[in-house]
Amino acid sequence: MVAIMSYVSQNILRSLTDEESKSTSNPTIEVINQVKNYGFVHIKPEYYINSKINLDLIEDMQEKYANLSKDSSPGNRFRAYACYDWLPNEQKFVKQNTTHYFQSKEYNYDDGGKVRLFDPIVEAYLNNPVLKTLIEKDVELAKQTGIIDFESEFQMGFHQIRYKAQGTEPSYSSPVWLHRDDEPLVFVHLFNLSKNVLGGDNLIATDPKTITHIFRLNSPLETLLLTKMPYHAVTPLGSSNGDNAFRDILLITFMNKK
Ligand SMILES: [Fe+2]
């Protein structure tokens with residue numbers, strides 16, 4: 001266990017410099033420092049692995065991407081949605097009955113300014129212990145960044161999304177290029193990436209003309225944590241051999257109510 005923890009703390013963040021790595025040994029503190037300095041963190045899967053998680057449980061969640069409904073917006077994405085309200089007086093989350101989702105025009109120039117209705121996420125996915133662990137860790141990080149006020153109401157949103165490309169037809173995000181999200185804190189958790197993908201790479205930019213980082217989420221539970229500080233985008237997904245290619249992710253978003 002000690003050996004594993006030491007491996008985790010030394011390797012949890014891909015983009016830390018050697019000096020930064022030496023200065024801290026607590027993975028959560030490392031993540032928080034990185035968020036404060038750069039506005040994003042690329043987190044390795046080991047950060048989320050614990051004794052409650054095993055490969056079968058991850059596979060159970062991966063299988064739930066095959067039955068998602070197609071998003072009516074362009075981009076060949078298949079998705080479902082769930083949202084929870086945080087009640088500060090009771091210190092608990094309550095699931096919303098609706099699966100309407102709204103983004104402002106300011107942040108999504110393609111699909112913003114309108115309400116979109118998605119299928120609900122199936123209960124078996126929401127109740128999987130892997131998801132419970134992701135939530136626990138993400139809530140803790142949301143608290144510690146100070147970006148989300150836990151003394152006020154906020155929403156925790158879940159977007160289960162499959163990007164699916166085939167032939168020469170791409171799958172792509174909305175908005176398609178560099179942008180910032182409505183939500184001030186967004187966790188992009190990878191669940192599956194087929195071997196035949198082209199693209200699907202994450203971009204980080206200081207402004208819409210200056211890209212500073214490019215990387216790909218490759219392994220299940222590998223994560224990108226985003227704030228509104230940098231711009232970001234994911235490059236369109238293609239298929240290298242014409243067969244179905246897919247990138248399965250779960251976005252967990254946090255936003256205080258206005
Ligand atoms: Fe985004």
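Which residues does tyrosine 81 touch, not counting residues up to four places away in sequence? In this predicted model, the list runs to Thr99, Tyr101, Phe118, Pro120, Ile121, Phe158 and His159. Tyr81 also turns up in the largest nonpolar core, a set of 51 residues in which Tyr81, Val188 and Leu225 touch the most other members. Quite a few elements chip in here: helix 3, strand 1 (40–43), strand 3 (77–87), helix 6 (129–145), strand 8 (154–165), strand 9 (185–193), strand 13 (223–226) and strand 16 (245–256) each give two or more residues to this core. Strand 9 gives the most, with seven residues. As a rule, nonpolar side chains in soluble globular proteins tend to be buried together.

Helix 3, one of the contributors to that core, covers residues 27–38. Its twelve residues reach 16 Å from the first C-alpha to the last, close to the 16 Å expected at 1.5 Å a residue. Five names come up as buried in helix 3, namely Pro27, Glu30, Val31, Gln34 and Val35. Looking down the axis of helix 3, these buried residues fall within an arc of 135 degrees, so they line one face of the helix. Right after helix 3 comes glycine 39, which has a positive phi, near 80 degrees.

Turning to the pairing of strands, there is an open sheet of three strands in the order 12-11-14, with antiparallel pairing. Why is one side of strand 12 (210–215) and of strand 14 (231–234) left without a neighbour in the sheet? Both stand at the edges, each with a single partner strand, so one side of each has no neighbour there. From one strand to the next, the twist averages 25 degrees.

Strand 11 (residues 202–207) pairs with strand 12 in the antiparallel sense over five bridges, and leucine 203 has isoleucine 214 in strand 12 as its bridge partner. Strands 11 and 12 also make a hairpin, with two residues between them. Strand 11 pairs with strand 14 as well, again in the antiparallel sense, over four bridges. For that pairing, asparagine 202 has valine 234 in strand 14 as its bridge partner. In a regular strand, side chains alternate between the two faces of the sheet.

Conventions. Residues numbered from 1 in each chain as written. Predicted model: local features only at pLDDT ≥ 70, side-chain atom pairs only at ≥ 80, totals over all residues. Pairing = 2+ DSSP bridges. Axes fitted to C-alpha atoms, helices over the stretch in contact; angles between N-to-C directions. Expected span 1.5 Å × (residues − 1). Buried ≥ 20, exposed ≤ 12 C-beta atoms within 10 Å, placed from the backbone. Arc of directions from axis to C-beta. Core = buried A, V, L, I, M, F, W, Y, C linked by C-beta atoms within 7 Å. Contact = placed C-beta atoms within 7 Å.
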